[in-house]
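Student: I'd like to look closely at a single part of this protein rather than tour the whole thing. Could you take me through its aromatic rings and what surrounds them?

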Amino acid sequence: MRYQVELSQVKWKKCMQMQMAMHCAPVLAGLKPSNAVTLDYIDSKELIQSLAGSEIKCGLIYSGNGKCLWLLYREQQVNQYLMDPENQRFLKHCGYSSFQIQNILYTLKNRYRLYKAGQADFPHELGLILGYPLCDVIGFIKNHGQNCLYCSYWKVYDNLSQTKKIFEVYDKVRFQMVKLVEYGKSFKELVDMYTNYQVPRYA
């Protein structure tokens, strides 16, 4: 893929802006309902301030050892994705009784806390909340993370051709944001610049 090659040639610098460009570009550009990112407490404060007033919300999944695991999401997109009957059946099987993102986050936080305490398995429904196709979430569970057809933003177990096209779009916007960070743009400027960003979703 073209943009994977270009991304491999980027001169990385360790900063919050670069981390957000690498891990959250698809949700910032409105191409994906949500992304997860781990930040320290200082960067977490900047995250909250930068997203204030935007369409992107952040929900804290877990905090510990000086780090915070955040879910960045577009509420309307997430709720629409989770309205799919198959997705709801899967979530219900995982122990969820409500399918609105605020209620889901509450349950997810508890399940993730138990996982970190060694009292429960990893909550694989997180993949679905991140917008991964249900077939790939189920494929990951059944295969214990092995035997995937392809691995990029997630491990792919079905519909490889179409998913690769999606990944290409994600790579494109990720590369654009990484270059903007190289040019000195702040995270708040990235959020503002991509508020009305439009790109063919599967171009």
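Tutor: Let's begin with the whole chain and then turn to the rings, one pair at a time. This is a predicted model, where local features need pLDDT of at least 70 and side-chain atom pairs count only at pLDDT 80 or more, while totals for chains, interfaces and linings use all residues. Residues are numbered from 1 along each chain as its sequence is written, and side-chain values use heavy atoms, with hydrogens and water left out.

The protein chain has 10 helices and five strands (DSSP runs numbered from the N terminus: helices are H or I with at least four residues, strands E with at least two). Of its 203 residues, 44% count as buried (under 20% relative accessible area; exposed is over 50% and partly exposed in between, with a 1.4 Å probe and protein chains only).

Now to the rings. A pair of aromatic rings is described by the distance of the centres and the angle of the planes. Here, rings of Phe, Tyr and Trp (its six-membered ring) pair if their centres lie within 6.5 Å; planes under 30 degrees apart are stacked, over 60 edge-to-face, and the rest tilted. By that rule, there are 11 aromatic pairs.

One of them joins Tyr 112 and Tyr 115, edge-to-face, with 5.5 Å between the centres and 65° between the planes. Both residues belong to helix α6, three residues apart, about one turn of the helix. Tyr 112 is buried, at 11% relative accessible area, whereas Tyr 115 is partly exposed, at 31%.

Next, look at Tyr 153 and Tyr 170: their ring centres are 5.2 Å apart and their planes meet at 80°, so this pair is edge-to-face. This pair links distant parts of the chain, 17 residues apart: Tyr 153 is in the loop between β4 (150-151) and β5 (155-156), and Tyr 170 is in helix α9 (residues 160-182). Both of these tyrosines are buried.

You can follow the ring pairs further from there. They link Tyr 153 and Tyr 170 into a cluster with Tyr 132, Tyr 150, Trp 154 and Phe 167.

Some of these rings turn up again at the largest pocket, which has a volume of about 600 Å³. (On a 1 Å grid over the protein atoms alone, a pocket is an open set of points with protein on both sides within 12 Å along at least five of seven lines, and lining residues have an atom within 4 Å of a point; the volume is the space filled by probe spheres set on the points.) This pocket is lined by 23 residues, and the closest to its centre are Tyr 132, Tyr 153 and Trp 154, together with Ala 36 and Leu 130. The elements giving two or more residues to the lining are α2 (16-28), β1 (34-40), α7 and α8.

Finally, let's look at the loop between α8 and β4, where His 144 lies. Its phi is near 55°, a positive value in a residue other than glycine. Asn 147 is placed in the loop between α8 and β4 too, and its phi is near 65°, again positive in a residue other than glycine. His 144 is exposed, with a relative accessible area of 68%, and Asn 147 is exposed at 62%. Compare that with the buried Tyr 153 and Tyr 170 as you turn the model.

Conventions: On a 1 Å grid over the protein atoms alone, a cavity is a set of points where a 1.4 Å probe fits but cannot get out, and a pocket is an open set with protein on both sides within 12 Å along at least five of seven lines; lining residues have an atom within 4 Å of a point.
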